Amino acid sequence: MDEWSKSFLESLESLVDVVDEVVVEVADIIEDFAEEWQNTIGAEIDKCLEDIFEPIIEIYLEYDEIDMTTDSDMGFTYPGDPTPERHPACIGCRHYHGQVYGGNLLVCGMHPYGWDGENCPDWESNPSIHDDFNPF
């Protein structure tokens, strides 16, 4: 019986060696597959992301170059109050609005594009806040 147990132990040791070799080979195969996947699929994913985000980056860079201080449709603000060069009839008028909507300046409710002459028929003095305040 001693010989049988010795033979059994030798068989187990050889089985352990074979299983160890199989595990090492499977690990090598998985490592090779992971490298190949990274090189092919990973590169495809990188290319896809680049194709998606490159136009967005180009638009952002072009947008950054736009001069927002001009009176173009892209501007979001308008230089506040009327001046002698721009809408002189509106200087000091309580109806002057002076805000841009959709790239268009709304001068006032009666004359959305401003009055062409020097004296607007709808002009009213813009009282100060203190004149409107009445505590009684």
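A search of the whole structure, which is a predicted model, turns up 1 salt bridge. The partners are Asp51 and Lys47, whose side chains meet at 3.2 Å, N to O. Beyond that pair, there is a negative surface patch and a cavity to look at.

**Salt bridge**
- Side chains of opposite charge can pair when their charged atoms come close.
- Here, Asp51 and Lys47 both belong to helix 1.
- The two residues sit 4 residues apart, about one turn of the helix.

**Charged surface**
- Eleven names are worth finding on your display, as Glu10, Glu13, Asp17, Asp20, Glu21, Glu25, Asp28, Glu31, Asp32, Glu35 and Glu36 form a negative surface patch.
- Glu21, one of these patch residues, has its place in helix 1, which spans residues 2-65.

**Internal space**
- Rolling a probe the size of a water molecule over the atoms shows where empty space is left.
- In this model, 1 cavity of 30 Å³ or more is present.
- The largest cavity has a volume of about 80 Å³.
- Its lining includes the cysteines Cys90, Cys93, Cys108 and Cys120, along with His95 and His111.
- Ala89, Tyr96, Met110, Trp115, Asp122 and Trp123 also line the largest cavity.

Definitions and conventions: Residues numbered from 1 in each chain as written. Predicted model: local features only at pLDDT ≥ 70, side-chain atom pairs only at ≥ 80, totals over all residues. Heavy atoms only, no water. Patch = residues over 30% accessible without salt bridge, like charges linked within 9 Å, V, L, I, M, F, W, Y side chains within 5 Å. Areas by Shrake-Rupley, 256 points an atom, 1.4 Å probe, with all protein chains shown as cover. Salt bridge = Lys/Arg side-chain N within 4 Å of Asp/Glu carboxyl O. Lys, Arg positive; Asp, Glu negative; His and termini not counted. Charge placed at Lys NZ, Arg CZ, Asp CG, Glu CD. 1 Å grid on protein atoms, 1.4 Å probe; cavity = no way out; pocket = protein on both sides within 12 Å on 5 of 7 lines; lining within 4 Å. Points joined across faces, edges and corners; volume = space filled by probe spheres on them.
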